Structure formats: structure tokens, C-alpha cells
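Here's a friendly walk through one protein model, with a look at its helices, rings and charges. Take a moment with the picture before reading on.

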Amino acid sequence: MSTRTKYLLEESQMPKAWYNLQADLPVPLPPVLHPGTMQPVGPDDLAPLFPMSLIQQEVTTEREIDIPEPVQDIYKLWRPAPLYRAHRLEKVLGTPAKIFYKYEGVSPAGSHKPNTAIPQAFYNQQAGVKRLTTETGAGQWGTSLSFAGNLFGLEVLVFQVRVSYDQKPYRRAVMETYGARCVASPSMETVYGRSVLAEHPNHPGSLGIAISEAVELAAQRDDTKYALGSVLNHVLLHQTVIGLEAMEQMQMADAWPDVVVGCTGGGSNFAGIAFPFIGHGLRGGQKSRIVAVEPAACPSLTRGKYAYDFGDTGHMTPLSKMHTLGSTFTPPGFHAGGLRYHGMAPLVSHAKELGLMEAVAYTQGECFAAGVTFARAEGIVPAPESNHAVKGAIEEALRCKREGKSENILFCLSGHGHFDMVSYQKYFAGELTDESYNEQELAMALASLPSVPAQG
């Protein structure tokens, strides 16, 4: 076994194509439905929001989708991303396990999000689009699309969830530095935002509400499209560069992962690291245990219902079958803003239903404790979202310690926490409480799921 600390690929070894898990699934993904007709949506239904090239990626079952050269050229600013062996963390934990992490915080935006922001901006520009609207929680996605939009000459309008807008002013400053306009959601700029504020003037916001606002404006102008940072198939597709690179690097380390861990909110970085390994197993290769780690305050995979639901709170999106807490559910304002979403990506949800992965949930406090342990051992301060993956990997390493097993653990460190230091300050001051959701509100949200006829 190699004792190297980092495993680096050359630019020439970057993936030339994204990997599509749909090609290898034993059971196809349930269709997306039109909320009016309850029939599967067609390309024309999605055309007001997305360029046709992305719609085609959304529905294709081709195994590989070529990465356009202009996208590859920009990827080279930070890709291939490094893989590290966490020697010092292993020593701190006293585990016989070998811990590896794929570090996505090396991107200009500090997270994995540009992996899809760049191709989305590229395809929109190619289609003649002039403006993109989007939503953001923690700001990682808004920052990334702002960066990408500027590179391709697109105007970008970001609706940021109000609680994150207030908690993370530096994220907003970075978006503005890249040339975007950032608005707190719910806002007075949309009909839906005004309706929410009329009922709840101090509403903390949610990703579902911010999506509704962005979709509303995108649908009004022909020169404007909507861009989503997670959940959709084409977003997960773009993120698979993470896992494809990691497969090469784990082979360099002669340490194929027994366990692959990722944090999950909407599912994009998780799919990025996990889907290539799931596909490898489905095609007859060595199987890895796949573990999704989500926040206990917004546990869509572990507490949600697998059902058709809207992707937004204003019910402007099609219906997708996914693990959901109900589109009207507003998660408490815990600090991992990127994980504060009521639903899980349909493709991740489907993989969970097929038994291809498992899911666990941890509280905010224990995830921050894990992040601090990691930072003191490895030197990188993780984003609050990424702390969930760190916690999951540490738990797997401690299990190996109890069982006396030397397993290979791989996790995705999806971003750094340099813009989230207020949350670390609160953690050290003992002010970071473990937010819990309202059980009654969850029950009401699940009770109001749309009624959908049985499919197939």
C-alpha cells in the first residue's frame, strides 16, 4: 500500500465525457410528470426554462456524454482536482482504515458547483440566451453560476435564501464581484415572493421558495433561462467528473474504496463522487458500499416519503418522484444552507429505492465537531455542508477500528468553509444549537403531497 499523501492527475488525464448512471440502472427512472395532465413531460414542456441541449441530457440514457472542448478548457483552471490520503486524521482516530478524500474546494468558487455551472452557462450561451436566473442556499451555487455566467457573457440574477443571505454576506460579495445581482428570497421582485411576504413578512426563506422566484422570472422572457445547481439529471451528470477522476486516483493508490461517502442536500456532489462507483458495480466490477449523509434537521432520504412532488414551494415545476419532506416544508435555519432542501434528486432517490446505497442523518453539532477534528488534522476547514461527509467518513473509520478492519474509505470534501467562519465562531462560542424541524409541519407537508395516478 502506497504511503503517498496526494494523488494528482495530469490535465491530459481529465475525463473527456461525463458518466450517466441511467444507462446502467436495472429499473428505469420514473418519468417526470406535467402537473396539469399528469402525463410525462416532453421537451416542449421544459423549453421555457432550459436550452434543448440540457433537456436532451436530462432525458438521455446514453452512458457517456462528451464534454465540449470549451468546457474542458475552463475545467483546467482547477481540474483534475486532487485526491488526498488523510494520514493524520487516521492517526488521530486510531483507525486501521485508510481514509481518502477528493477535494473540490480547489475550484475558483471554492466548491464542486462550477463542475455544472460552466457547462450550463456554455449551453445557454450557445442557444442565444442572454440572462440566467437561479437560486442559492449557502451561496456556493450562486457564486459558481455568477463566475460561469461572466465567462460566457451572461447576465446572472441570483435569489438567495434569506437566512443564508443574512448569515453569509461575503458569499453575496463574491457573487457581485463576478458580476451577478443577488436578491434575498422571498423578495418583492416576483408575484410569488410578494405573496409569501404578505403572509409572513419575516419569512426565513427556503430553496423551494427561491426556486419558485427564479422560475417565475425565467418563464417571462424569451432571452432568459433558469439554471439549477442540484437535483436534476443533467446537473448530476456534470458532477460525475469528480468520481471519474477519483476512480483513476484510487487505482494510483492501489486502494479501491470499500466505502464511498458524500453529503446530500439536493444530491449533486454525492452523485458526482458516488455514481461512477455505483455504475462500476452494476456493470460487474467491484462493488463499494455507498453512504449518503444528510442533516437531521432536513432528512429527506431518512425521513422523507418516496413520492411525486413539486421541486419548488410555489408549484411551478413539473412533478418528480423523489424522497421528499413535502414542498411546503421549510427546514429550520441551520448553517449548512446547501443541504436545506425539501427533496432529494430523483436519480439519487431511485438509487436508494433500488438498494444501491444507504443513508444516515447527523445533527449540526456533531458534524461541526467532525469538521473541527478534520481541520486540525488535515489543515482544510470544510464547508458546513461538507462536514456531513467528514462526519460520515469518521464514523466509518471508527467502525473499522471497533471491528479491527482495514477498509478503504473515500469521501468527497465538496468545498472549503472560508466564507462560513461565522458558523464556526458560533460553534466555538457554544451558540450553534441543533435545530430541529417541526414534526407537525412535516406531517402537514407530507399530507399535502399531490395526488398522482399510479404510473406504468
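## A helix and what comes after it

Helix α12 is followed by D254, whose phi is positive, near 55°. Helices here are DSSP runs of H or I with at least four residues, strands are E runs of at least two, and both are numbered from the N terminus. Before going further, note that this is a predicted model: local features need pLDDT of at least 70, side-chain atom pairs count only at pLDDT 80 or more, and totals for chains, interfaces and linings use all residues. Residues are numbered from 1 along each chain as its sequence is written, and side-chain values use heavy atoms, with hydrogens and water left out.

Back to α12, which covers residues 241-252. The expected span of a helix is 1.5 Å times one less than its number of residues. For the 12 residues of α12 that gives 16 Å, and the end C-alpha atoms are 17 Å apart, which agrees.

How many of the 12 residues of α12 are buried? It's 9, so the helix is largely enclosed by the rest of the structure. Buried means under 20% relative accessible area, exposed means over 50%, and partly exposed is in between (1.4 Å probe, protein chains only). Among the buried residues of α12 are V241, L244, E245 and M250.

## Rings that meet

Next, the aromatic rings. Rings of Phe, Tyr and Trp (its six-membered ring) pair if their centres lie within 6.5 Å; planes under 30 degrees apart count as stacked, over 60 as edge-to-face and the rest as tilted. The structure holds 15 aromatic pairs.

One of them is Y84 with Y101, which is stacked: 5.2 Å centre to centre, with 20° between the planes. Y84 lies in strand β4 (residues 83-85) and Y101 in strand β5 (residues 98-103), so this pair ties together parts that are 17 residues apart in sequence. Both Y84 and Y101 are buried.

Now for F329 and Y437: their ring centres are 6.0 Å apart and their planes sit at 75°, so the pair is edge-to-face. F329 is in the loop between β13 (319-324) and α15 (346-353), while Y437 is in the loop between α18 (421-428) and α19 (439-447), so the pair ties together parts that are 108 residues apart in sequence. F329 counts as buried at 2% relative accessibility, and Y437 is buried too, with a relative accessible area of 14%.

Rings can also gather in groups: Y84 and Y101 join F374 and F411 in one aromatic cluster.

Charges can sit over rings as well, if NZ of Lys or CZ of Arg is within 6 Å of the ring centre and within 35 degrees of the ring normal. R172 lies over the face of Y165, at 4.0 Å from the ring centre. The charged end of K391 does likewise over the ring of Y362, 5.2 Å from its centre.

## A closer look at Y226

Is Y226, in strand β9 (residues 224-226), buried or exposed? Y226 is buried, with a relative accessible area of 3%. Leaving aside its neighbours within four places in sequence, Y226 is in contact (heavy atoms within 4.5 Å) with several residues, including L49, F50, E135 and I211. Its side chain also makes a polar contact with the side chain of E135, at 2.6 Å. A polar contact is a pair of N or O atoms within 3.5 Å; within protein, one must be able to donate a hydrogen and the other to accept it, and residues adjacent in sequence count only if both atoms are side-chain atoms.

## Opposite charges

A salt bridge is a side-chain nitrogen of Lys or Arg within 4 Å of a carboxyl oxygen of Asp or Glu. By this rule the count comes to 20 salt bridges. Here are some of them.

| Salt bridge | Closest N to O |
|---|---|
| D24 and R283 | 2.9 Å |
| E104 and R79 | 2.8 Å |
| R85 and E90 | 2.6 Å |

D24 and R283 link distant parts of the chain, 259 residues apart. D24 counts as buried at 11% relative accessibility, whereas R283 is partly exposed at 43%. E104 and R79 are 25 residues apart, and both are buried. R85 is buried, with a relative accessible area of 8%, and E90 also counts as buried, at 8%.

Finally, R289, E358, E396, R399, E403, K405 and E407 are linked in a network of salt bridges.
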